[in-house]
Amino acid sequence: FSRKDYDRAGFAWLDCGCDNPCVFGMARNCDGHYMVALFNFSDQDAYCHINYQGNVKILLHSDWDIYGGKTKKKIVKALPEMIPAYTGILFEQVPTL
């Protein structure tokens, strides 16, 4: 990903489809490999919808129970619709077979 650090094609802000001004999403890509980061900086859970088609793998979820949060660590194949308060989630695109 660092190869496109200074290239606008390597970064995009995402429309989270959320009314909460404290929810942000961004995507990084390099040579067809994508990573998505979602952040909820508010004190309330936020429901959002990102127009993304494809399977994903969660790499990091700051609300996982292993870090003292409430979210159970599990395998998911889609972006979540709800982001807990004060949470960041990092995903990578998983190629479909």
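Here are a few exercises with worked solutions on this predicted model.

**Exercise 1. Work out the strand order of the open sheet and say which strands stand at the edges.**

Step 1: Start with β2 and β3, which run antiparallel and are joined by eight bridges.

Step 2: Move on to β3 (residues 33–40), which pairs with β7 (residues 87–94) over six bridges, again in the antiparallel sense.

Step 3: Then take β5 (residues 55–61), an antiparallel partner of β7 through six bridges.

Step 4: Put it together: five strands form an open sheet with antiparallel pairing, in the order β1-β2-β3-β7-β5. The edges belong to β1 and β5; each has a single partner strand, so one side of each lacks a neighbour in the sheet. On average, neighbouring strands here are turned by 25 degrees against each other, direction ignored.

As background, strands of a sheet pair through backbone hydrogen bonds, either parallel or antiparallel.

**Exercise 2. Find the register of the paired strands, residue by residue.**

Step 1: Between β2 and β3, Asn-29 has Tyr-34 as its bridge partner, and Met-26 sits opposite Ala-37.

Step 2: Check how the chain gets from β2 to β3. The two form a hairpin with two residues between them, and Asp-31 in that turn has a positive phi of about 55 degrees.

Step 3: Cross from β3 to β7. Leu-38 faces Ile-89, while Asn-40 is opposite Thr-87.

Step 4: Finish with β5 and β7, where Val-56 stands opposite Gln-93.

**Exercise 3. Describe the loop between β1 and β2, using Asn-20 and Pro-21.**

Step 1: Place the residues. Asn-20 is in the loop between β1 and β2, and so is Pro-21, with β1 covering 11–14 and β2 covering 23–30.

Step 2: List what Asn-20 touches. Setting aside neighbours within four places in sequence, Asn-20 is in contact with Asn-40, Ser-42 and Ala-46.

Step 3: Look at the side chains: Asn-20 and Ser-42 are joined by a polar contact of 3.1 Å.

Step 4: Now Pro-21. Is it buried or exposed? Its relative accessibility is 65%, so Pro-21 counts as exposed, the cut-off being over 50%.

Step 5: Compare sequence and space. Pro-21 and Asn-40 are 19 residues apart in sequence, yet their C-alpha atoms are 9.2 Å apart. Asn-40 thus turns up twice in this loop's story: it is among the contacts of Asn-20, and it also stands opposite Thr-87 in β7.

**Exercise 4. How many salt bridges does the model have, and which residues form the pairing?**

Step 1: Apply the distance rule: a side-chain nitrogen of Lys or Arg has to lie within 4 Å of a carboxyl oxygen of Asp or Glu. The count comes to one salt bridge.

Step 2: Name the partners. The side chains of Lys-72 and Asp-65 meet at 3.7 Å, N to O.

Step 3: Check their surroundings. Lys-72 is exposed, with a relative accessible area of 57%, whereas Asp-65 is partly exposed at 31%.

Step 4: The general idea behind such a pairing is that side chains of opposite charge can pair when their charged atoms come close.

Note on methods. Residues are numbered from 1 along each chain as its sequence is written. This is a predicted model: local features need pLDDT of at least 70, side-chain atom pairs count only at pLDDT 80 or more; totals for chains, interfaces and linings use all residues. Side-chain values use heavy atoms; hydrogens and water are left out. Two strands pair if DSSP finds at least two bridges between them. Helices (H or I, at least four residues) and strands (E, at least two) are DSSP runs, numbered from the N terminus. Buried means under 20% relative accessible area, exposed over 50%, partly exposed in between (1.4 Å probe, protein chains only). Axes are lines fitted to C-alpha atoms, for helices over the stretch in contact, and angles run from 0 to 180 degrees between N-to-C directions. A polar contact is a pair of N or O atoms within 3.5 Å; within protein, one must be able to donate a hydrogen and the other to accept it, and residues adjacent in sequence count only if both atoms are side-chain atoms. Contact means heavy atoms within 4.5 Å.
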